[in-house]
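Biologist: Hey, have you got a minute to go through a structure with me? I'd like to start with the rings.

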Amino acid sequence: MSIVPHDPDVVGDVDPEAKDIDEFHMEEMLREWTDEPPIRHDVYPESDTEDNDDDPARFHTHVRRGDGHLYPKQSFFSGVAFKEAVVDYALRTGCNLKQYRYDNDKIGFKCVGNDGKEDGVRCEWQVYAAILPKDSMWKIRKFIDRHSCIPNGECEMFKVPHIARLFVDKIRDNPEFYMPAKLEEIIMEQWKISVTRNQCQSARKKALQWIEKEFDDQFARLRDYAAEILESNKDSHVEVDCLTTDEGNDSFPAPAALWHSDHSSSST
């Protein structure tokens, strides 16, 4: 994994939905897992464009998503899982969706593809999900699956945080490759959605903020990790070597953090 260089202009940020999204993807992976040879699932949602399997760049731009299909009474373990499914639908169809309702127990999206511009006719498409007190799962309660619009590359719901979440793992692995122009190119080529260079620049910066915050949080727990090693393996000897800031806090990267035991040794 690539280490993202510290940017003094980037202030620590956090994705408020990251935990729920991670749980959503973990549930999806557990649901797909079988005791068989591994199968690649990190593919784009289906689109109307033909994919070139021989394109070497395709290997570098996989973004794992769902299949992009919605249906009545479909269940989700959280509101975030429902929102992710709607994002997948927008990516698959290219329709211009917009969130019109968001409460703790109900979320709704509508299509604003026409938005009354063509003969005063608005697109009918709408999806609404909620969780009732007696239920343990979110469910789609209303789904009008009819479009009277033609996708034109606009998608109001596809904002900076969505772009950042879509590419955060790729930016973490290869920050120099996934620059704003590359994000803009991938989004247009794969999903036919038009985003601005400024949106991609802001999304990349936000993703770097999340990565830096994650990096700092993880290394802040390094001493807890060392204590856990000593607790679980009494024969181990742990040394954590790091830099110290003027405020007396640990700072990384450090010269070394060494784990030693009677049987093995490694460095991190």
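Biologist: How many aromatic pairs does the count come to?

Modeller: Six aromatic pairs. Keep in mind that this is a predicted model.

Biologist: Let's pick one. How are the rings of Tyr89 and Trp125 arranged?

Modeller: They're stacked, with 5.0 Å from centre to centre and 20° between the planes. Tyr89 belongs to helix 2 (residues 79-93), while Trp125 is in the loop between strand 3 and strand 4, so this pair ties together parts that are 36 residues apart in sequence.

Biologist: Are Tyr89 and Trp125 buried or exposed?

Modeller: Both are buried. Trp125 has 1% relative accessibility, and buried means under 20%, so Trp125 counts as buried.

Biologist: What about Trp125 and Phe143, how do those rings meet?

Modeller: Edge-to-face: the planes are at 90° and the centres are 5.9 Å apart. That pair also links distant parts of the chain, since Phe143 is in strand 5 and Trp125 is in the loop between strand 3 and strand 4, 18 residues apart.

Biologist: And why does Phe143 count as buried?

Modeller: Because its relative accessibility is 16%, and the cut-off is under 20%.

Biologist: Which residues do ring pairs link into a cluster?

Modeller: Phe76, Phe82 and Phe109. There's a charge over a ring as well: Lys83 lies over the face of Tyr102, at 4.6 Å from the ring centre.

Biologist: OK, changing topic to the sheet. In what order do the five strands of the open sheet come?

Modeller: The order is 1-5-4-3-2, with antiparallel pairing. Strand 1 (75-76) and strand 2 (97-102) are at the edges with a single partner strand each, so one side of each has no neighbour in the sheet.

Biologist: How many bridges are there between strand 2 and strand 3?

Modeller: Five, in the antiparallel sense. Leu97, for instance, stands opposite Cys111 in strand 3.

Biologist: Now strand 4. What joins it to strand 3?

Modeller: Five bridges, and strand 3 (residues 106-111) runs antiparallel to strand 4. In strand 4, Gln126 is the bridge partner of Lys110. Five bridges also join strand 4 to strand 5 (residues 138-144), again antiparallel. There, Ala130 stands opposite Lys139 in strand 5.

Biologist: Why is strand 4 largely enclosed by the rest of the structure?

Modeller: Because five of the five residues in strand 4 (residues 126-130) are buried. Both faces are covered: Gln126, Tyr128 and Ala130 are buried on one side, and Val127 and Ala129 are buried on the other.

Biologist: Which strands does helix 2 lie across?

Modeller: Strand 1, strand 2, strand 3, strand 4 and strand 5. Helix 2 runs at about 10° to strand 3.

Biologist: Let's zoom out. How many helices and strands does the protein chain have?

Modeller: Six helices and eight strands. Along the sequence, the pattern goes α-β-α-β-β-β-β-α-α-α-α-β-β-β.

Biologist: And what share of the protein chain is made up of buried residues?

Modeller: 36% of the 268 residues. The protein chain exposes about 16800 Å², and carbon and sulfur atoms supply 49% of that.

Biologist: One last thing. Of the contacts between residues at least 6 apart in sequence, what share joins residues at least 24 apart?

Modeller: That's 55% in the protein chain.

Terms used
Residues numbered from 1 in each chain as written. Predicted model: local features only at pLDDT ≥ 70, side-chain atom pairs only at ≥ 80, totals over all residues. Heavy atoms only, no water. Buried < 20%, exposed > 50% of the residue type's maximum accessible area, 1.4 Å probe, protein only. Helix = DSSP H or I, 4+ residues; strand = E, 2+ residues; numbered from the N terminus. Pairing = 2+ DSSP bridges. Phe/Tyr/Trp six-rings, centres within 6.5 Å; stacked < 30°, edge-to-face > 60°. Lys NZ or Arg CZ within 6 Å of the ring centre and 35° of its normal. Contact = heavy atoms within 4.5 Å. Areas by Shrake-Rupley, 256 points an atom, 1.4 Å probe, with all protein chains shown as cover. Axes fitted to C-alpha atoms, helices over the stretch in contact; angles between N-to-C directions.
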